[in-house]
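Colleague: Please take a close look at the aromatic rings of this chain and at what surrounds them. Begin with the overall form, so that I can place the details.

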Amino acid sequence: MSKLPPKRDVWQWFYAACNLRFSTSLCKLFFKQQLLGGLVSTCIWFADGHLLPYTGRRKIHLAFNTQRKMMMPGQTNIVTCDESGRIVDFQIQEGKGDLKTHIVELKKKWAKELTEPPIMVFDREGYGAPFFNSLIEDKIPFVTWEKHVDSKKLKELDDDCFNESFEMNNKKYRIFEGEKTFTLEENGKTKTFELRKIYLWNQTSNRRTCCLAWDDGRPITTLQCAQAILNRWGASENTFKHLHDRHPFHYHPGFKTLDSDKQLIANPAIKSIEKEIKTVRKKLDKKHKKNSRTKEVLNKDGSRRENSLKACLESGISQLEAELTKLLNEKKQLPEKVDVSTLEDYNSFKKIDNEGKNLFDFVTASLWNARKDMTDWLLCHYPNENEYVDLFYAITQSHGWIKSEADRVVVRLEPLQQPSRRKAQEQFCKRLNALSAYIPIGKILQIEVGSSPI
């Protein structure tokens, strides 16, 4: 590249790469190299799904919007990160993502690269005895929030029960550990298993909650379990949100659609017959109430008058009960799911072609992980953990000058005003120069701090 190409040419190259259809193998190779090279941690992994909204005209499956608490057209990007926030893996799924299956598949996908499965940390979406049991059978250790916590019972616990204290994210916590038993029906038999239950008391906000853990026999302390869940969902850095703030991770380069393999929908005939059942039951309830208030009318000889109101009501009740029984039997015979292509006036589902999105997110993920490495370098020269990330962006967004020489290109940045920041800026640039990076035309790239070189 002797010169920077125009935007039109860049997009032509991008879509030419999409036509090669190699994004899946590229991403897998990239994530594999990260694991083998020790560029990401394999101790604790955090998995969470994030909505990728779709506003086009095509009919696609619905995904769940956690902010609006409603279903809407879109996809789910399930992102897996390590404890430092580096992206380990991502997968874009149609509609509402299947987080549970994704967590189990992660172990199978990276079994050769991992000496032992990492501790999986996920939110309440993965709560449930059947899923916990499957993780135990697959020997996947995990930590998650407990669902349906009884806040009144937690408040009634004696403060002295919380026998261990620590501080995290400028908040004070106290914890203690117990157990919780789960019961599961499996093959006609009742199965029980126990999980570790960690009680957390946020003394700063005076709120109490619980998390659950299964360690597969590893020496994981109560404190480590609590820190694991708080490291992702305890007012700390949320990788996806921070990533979205800095990079357009929602951006989708084109919405080419294909026929989806998932064409099953809830049988509309069931919905229609349920309306009829509801109508019949309302009529039946009214007649029962009216019948209970109606007195029996007798003839002079003491026999029941057949044309009385009560007799008519009972006859009507019998007819409605027969109709209800017929409708319920018809409902039982209907399949719960039907293929949408077999129905009239129904459009088949489409799926979004994610070839370009995968390539775009591959670049974003690698850029994000590189940013993590560079901020760690900067922390050695500027040990203020509350400001070093902002300092990194202040350095990378600095104004400066560029001078091209015969064998090198000099990029000289304006020095930052604060002495401690300027010193860190200079040391950071020296570390980048030690990488001996070359630009595409073969000249070495040198980054300095100072006045204009021109």
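Modeller: The answer below goes from the whole chain to the ring pairs, and then to some single residues.

This is a predicted model, in which local features need pLDDT of at least 70, side-chain atom pairs count only at pLDDT 80 or more, and totals for chains, interfaces and linings use all residues. Residues are numbered from 1 along each chain as its sequence is written, and side-chain values use heavy atoms, with hydrogens and water left out.

The protein chain has 12 helices and 17 strands; these are DSSP runs, numbered from the N terminus, with helices (H or I) of at least four residues and strands (E) of at least two. Its radius of gyration is 31 Å, well over the 22 Å that the globule rule gives for 454 residues, so the chain is more spread out than a compact globule. That radius is taken over C-alpha atoms, and the globule rule is 2.2 Å times the number of residues to the power 0.38. The C-alpha trace spans about 125 × 65 × 45 Å along its principal axes.

Of the 454 residues, 41% count as buried. Buried means under 20% relative accessible area, exposed means over 50%, and partly exposed lies in between (1.4 Å probe, protein chains only). Residues 24 or more positions apart account for 65% of the contacts with a separation of 6 or more, where contact means heavy atoms within 4.5 Å.

Now the rings. A pair of aromatic rings is described by the distance of the centres and the angle of the planes. Rings of Phe, Tyr and Trp (its six-membered ring) pair if their centres lie within 6.5 Å; planes under 30 degrees apart count as stacked, over 60 as edge-to-face and the rest as tilted. By this rule there are 21 aromatic pairs. In one of them, Phe30 and Phe31 have ring centres 5.5 Å apart and planes at 55°, so the pair is tilted. Phe31 is buried, at a relative accessible area of 3%.

Another pair, Phe392 and Phe428, is edge-to-face, with 6.1 Å from centre to centre and 85° between the planes. This pair links distant parts of the chain: Phe392 belongs to helix H11 (residues 388–396) and Phe428 to helix H12 (residues 419–433), 36 residues apart. Both Phe392 and Phe428 are buried.

Ring pairs also build a cluster from Phe122, Tyr127, Phe131, Phe132, Phe142, Phe182 and Phe193. Helix H4 (residues 129–137) has Phe131 and Phe132 among its buried residues, together with Ala129, Asn133 and Leu135. The buried residues of H4 pack against helix H3 (99–109) and against five strands: S5 (119–122), S6 (142–145), S8 (171–186), S9 (189–202) and S10 (207–214). After H4 comes Lys139, with a positive phi near 60°.

Asn187 sits in the loop between S8 and S9, and its phi is near 55°, a positive value in a residue other than glycine. Asn187 is exposed, with a relative accessible area of 76%. Asp216 likewise has a phi near 55°; its place is in the loop between S10 and helix H6 (222–233). At a relative accessible area of 30%, Asp216 is partly exposed.

Helix H10 (residues 355–381) brings in two more residues, among them Val363. Val363 is partly exposed, with a relative accessible area of 47%, and its C-alpha atom is separated by 38 Å from that of Tyr346, 17 residues apart along the chain. Phe360 is also found in helix H10. Leaving aside neighbours within four places in sequence, Phe360 is in contact with Phe14, Pro248, Tyr251 and Pro253. Phe360 and Thr396 are 36 residues apart in sequence and 21 Å apart in space, C-alpha to C-alpha.

Last comes Arg86, in the loop between strand S3 (70–82) and strand S4 (87–94). Arg86 counts as buried, at 8% relative accessibility. Outside four places in sequence, its contacts are Leu39, Val40, Thr80, Cys81, Asn369, Lys372, Asp373 and Asp376. Arg86 and Ala365 are 279 residues apart in sequence, yet 8.2 Å apart in space, C-alpha to C-alpha.
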